[in-house]
Amino acid sequence: MAVDRVPVLKRCRSLGLDPVFLGIDKKSERGKDSSKGNKKKSEYGMQLQEKQKAKFIYGVLEKPFRNYYEKAERMSGQTGENLMITLERRLDNVVFRMGFGRTRRETRQIVDHKHILVNGKCVNIPSYLVKPGDVIEVKEKCKSSQRYKDVLETTGGRLVPAWLDVDQENLRGTVKQLPTREEIDVPVNEMLIVELYSK
């Protein structure tokens, strides 16, 4: 399986992305302004950067990202909004939003390691798309582990989106409804992604 091995903070700088959107505290501010001059990007360059930003934030590779885009195109409504809502529905992202992991990378690992139940059944597919009414929780035998105590210490003050209902103490949450684009605090201009794929 392809893996992106570029250091996260370096990748954030190259994309002009605040590490906070990945769940990372800004401990390292070095090189913050090390962008290579103020070279004006071409229209294509700006479109490509937005796509790379979305792929990087959600941890999605090119082929699945393209599949998400094609799925978004077939749905009713605006393609760009549909794309962002679909990405936001990924199980690893929802577990991150609920505060059961510090970063999306960590929640992907948590899902991979079969720590997560969806409606009482173990789901170990990070790309699984949640639906309204889904109940997501950490397995009972994992709840008492030191890992989750440490995670909750870090994520306890994190704002949970309104479309989710979370009981952090019991590591359990419910998807109340699908998010709207306004509820997705990801700094991506999805219209540029649509323009890129429409060429």
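Buried means under 20% relative accessible area, exposed over 50%, and partly exposed in between, using a 1.4 Å probe and protein chains only. Keep that scale in mind for the tour.

This is a predicted model, in which local features need pLDDT of at least 70 and side-chain atom pairs count only at pLDDT 80 or more, while totals for chains, interfaces and linings use all residues. Residues are numbered from 1 along each chain as its sequence is written, and side-chain values use heavy atoms, with hydrogens and water left out.

**The whole chain**

Start by colouring by pLDDT, the predictor's confidence in each residue from 0 to 100. The chain's mean is 88, with 87% of residues at 70 or more. Now select residues 28–37: pLDDT stays under 50 here, and the model has five contacts (heavy atoms within 4.5 Å) beyond four places in sequence for this stretch.

Switch to a cartoon view to see nine helices and five strands. These are DSSP runs numbered from the N terminus, with helices (H or I) of at least four residues and strands (E) of at least two. Of the chain's 199 residues, 44% count as buried.

**The sheet**

Next, select the strands. They make an open sheet in the order E2-E1-E3-E5-E4, with antiparallel pairing. E2 (121–122) and E4 stand at the edges with a single partner strand each, so one side of each has no neighbour in the sheet. Pairing here requires at least two DSSP bridges between two strands.

Zoom in on E5 (residues 172–175). Gly-173 and Val-175 point to one face and are buried, while Arg-172 and Thr-174 point to the other and are not. E5 pairs with E3 (residues 135–138) over three bridges, and with E4 (residues 164–167) over four. Centre on Gly-173: its bridge partner in E3 is Ile-136, and Val-166 stands opposite Gly-173 as well. Then follow the hairpin of E4 and E5, which has four residues between the strands; Leu-171 in the turn has a positive phi of about 50 degrees.

**After E5**

Move on to Glu-183, in the loop between E5 and helix H9 (190–198). Glu-183 is partly exposed, at 25% relative accessible area. Leaving aside residues up to four places away in sequence, Glu-183 touches Ala-162, Trp-163, Gln-177 and Leu-178.

**Charged side chains**

Show the charged side chains now. The structure holds 15 salt bridges, each a side-chain nitrogen of Lys or Arg within 4 Å of a carboxyl oxygen of Asp or Glu.

- In helix H2 (residues 43–58), pick Glu-50 and Lys-53, three residues apart. Their closest N and O atoms are 3.1 Å apart. Glu-50 is buried at 9% relative accessibility, and Lys-53 is buried at 9%.
- In helix H3 (residues 62–74), pick Arg-66 and Glu-70, four residues apart. Their salt bridge spans 3.5 Å, N to O. Arg-66 is partly exposed at 34%, and Glu-70 is partly exposed at 31%.
- In helix H7 (residues 140–143), pick Glu-140 and Lys-143, whose salt bridge has its closest N and O atoms 3.5 Å apart. Glu-140 is exposed at 60%, whereas Lys-143 is buried at 18%. Add Glu-137 and Arg-172 to see the network of salt bridges that links these four residues.

**Last stop**

Finish at Arg-104 in helix H6 (residues 104–112). Which side chain of opposite charge is nearest to Arg-104? Glu-88, 4.8 Å away; Arg-104 is buried yet has no salt bridge.

Notes. Lys, Arg positive; Asp, Glu negative; His and termini not counted.
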